[in-house]
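Please read this note beside the sequence and the three-dimensional view. The points are ordered by topic and may be followed one at a time.

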Amino acid sequence: MRQIYPTQGPELTPVPKARPGSPPAAVQEVADLYGTEAALDSAHGQPAGWLRANMVASADGAAWLNGRTGGLSGPADRMVFTILRSLSDLILVGAGTASAEHYRPAQADELWAQLRPPGAPVPAIAVVTANLSLDPDDQLLTGAAPGAQTIVITTASAPADRKAAVARHGRIIEAGQHRVDLVTAIAELRRLGYSGILTEGGPTLLGHLADAGLLDELCLTTSPMLADGSASRIVNSPSTATDGKTARLSLRHVLADESFLLSRYVREH
Ligand SMILES: NC(=O)c1ccc[n+]([C@@H]2O[C@H](COP(=O)([O-])OP(=O)(O)OC[C@H]3O[C@@H](n4cnc5c(N)ncnc54)[C@H](OP(=O)(O)O)[C@@H]3O)[C@@H](O)[C@H]2O)c1
């Protein structure tokens, strides 16, 4: 694995999983590439905020293979996945992803402890769901570490009994009356102190975040696969389809590992 844009970097061996102790030099080097922009943003003024997405797509643009992302991933993608989680205050996902990918609370031994922001050994998970279709006894809610309670972002009109069941273990944020209002939700997360937000998708949530102008950064792994079939693209944006709305991105770096490409884009304002 090496940086190929904007400059050629040294060859680094991917370290896909975290382990105890100091991160190896390769991990620190890659983490530095992903840390700068968010750190700059939060250096002044608050509540600072940075919302980045980390996604993987096949070479022909598919967001999943057989309903899951695992088949698109590789060692360098897993390395960046772990680094970005380690750098984040909160991981935001849609209910579709939480269910398809069997989300559970982040575990300290799956992160690089020395990359963590001060004060929190693990990032909390936040799930966006208007229907509140989560199982209130799922480990995602019941297994969260103290101080990293799972957050469920829903609407004011979601059924009260489901809210009460979820609130036994999770924290509820209400944002919007009938649809989840993501601008309100992100503002509330910032107010609670989560400035470095990482979204891991899926495509529907990313589409809504992009439409609301909330997405600052896209970290994209392009996987050397042709997926064919009917999989969604990584951003499934209702308004791109209807209004032709687009956002321009600026390329910050590209890493290459075997036939995988790992790009980091920042949205131009
Ligand atoms: N390629 C990648 O990097 C990547 C990353 C993540 C996931 N995936 C794949 O994507 C698939 C899931 O895709 P998806 O698009 O259905 O998942 P998603 O974006 O994670 O979830 C969509 C769901 O989020 C809830 N939601 C509520 N309010 C919303 C709002 N304002 N904006 C957006 N979502 C809101 C809705 O659930 P309720 O019905 O509960 O209200 C909605 O059905 C899985 O196959 C997964 O493996 C791929």
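The points below concern the ligand, the pocket and the backbone.

1. Status of the model. The structure is a predicted model, and each remark that follows should be read with this in mind.

2. Surroundings of the ligand. The shell around the ligand holds 27 residues, and those that come nearest are Val56, Thr97, Glu101, Thr129 and Thr204. When the residues of this shell are sorted by class, 12 are nonpolar, 12 are polar and 3 are charged.

3. Polar atoms facing the ligand. Glu101 places a polar side-chain atom 2.5 Å from an oxygen atom of the ligand. Two further residues approach through the backbone: a backbone N or O atom of Ala63 is 2.7 Å from a nitrogen atom of the ligand, and a backbone N or O atom of Gly67 is 2.9 Å from an oxygen atom of the ligand. As for cover, the ligand on its own has 920 Å² of accessible area, of which the protein covers 84%.

4. Position of the ligand. Which pocket does the ligand take up? The space that the ligand takes is the largest pocket. The shell around the ligand receives two or more residues from each of strand 2 (50-58), helix 3 (95-100) and helix 7 (203-211).

5. The pocket itself. The general idea is that a probe the size of a water molecule, rolled over the atoms, shows where empty space is left. The largest pocket contains about 1,400 Å³ of space. Its lining has 46 residues, and Thr69, Thr97, Glu101, Tyr103 and Glu200 lie nearest the centre. Thr97 and Glu101 are thus named both here and among the residues that come nearest to the ligand.

6. Composition of the lining. At least two lining residues of the largest pocket come from each of strand 2, helix 2 (75-87), helix 3 and helix 7. Helix 2 gives the largest share, with 5 residues. By class, the lining of the largest pocket has 19 nonpolar, 16 polar and 11 charged residues.

7. Cis peptide bonds. Most residues other than glycine have a negative phi, and most peptide bonds are trans. Where, then, are cis bonds found? One is the peptide bond from Tyr5 to Pro6, with omega near 5°; Pro6 belongs to the loop between strand 1 (2-5) and helix 1 (25-43). Another is the peptide bond from Gly201 to Gly202, also with omega near 5°. Gly202 is placed in the loop between strand 7 (196-199) and helix 7.

8. A positive phi. Leu132 is not a glycine, yet its phi is positive, at about 55°. The loop that contains Leu132 runs between strand 4 (124-128) and helix 4 (139-142).

Terms used
Residues are numbered from 1 along each chain as its sequence is written. This is a predicted model: local features need pLDDT of at least 70, side-chain atom pairs count only at pLDDT 80 or more; totals for chains, interfaces and linings use all residues. Side-chain values use heavy atoms; hydrogens and water are left out. A residue is near a molecule or strand if one of its heavy atoms lies within 4 Å of it. A polar contact is a pair of N or O atoms within 3.5 Å; within protein, one must be able to donate a hydrogen and the other to accept it, and residues adjacent in sequence count only if both atoms are side-chain atoms. Accessible areas come from the Shrake-Rupley method with a 1.4 Å probe; for residues, only the protein chains shown count as cover. On a 1 Å grid over the protein atoms alone, a cavity is a set of points where a 1.4 Å probe fits but cannot get out, and a pocket is an open set with protein on both sides within 12 Å along at least five of seven lines; lining residues have an atom within 4 Å of a point. A molecule sits in a cavity or pocket if more than half of its atoms lie within 2 Å of its grid points. Helices (H or I, at least four residues) and strands (E, at least two) are DSSP runs, numbered from the N terminus. Ala, Val, Leu, Ile, Met, Phe, Trp, Tyr, Cys and Pro count as nonpolar, Asp, Glu, Lys and Arg as charged, and the others, Gly among them, as polar. Grid points are joined across faces, edges and corners, and a volume is the space filled by probe spheres set on the points.
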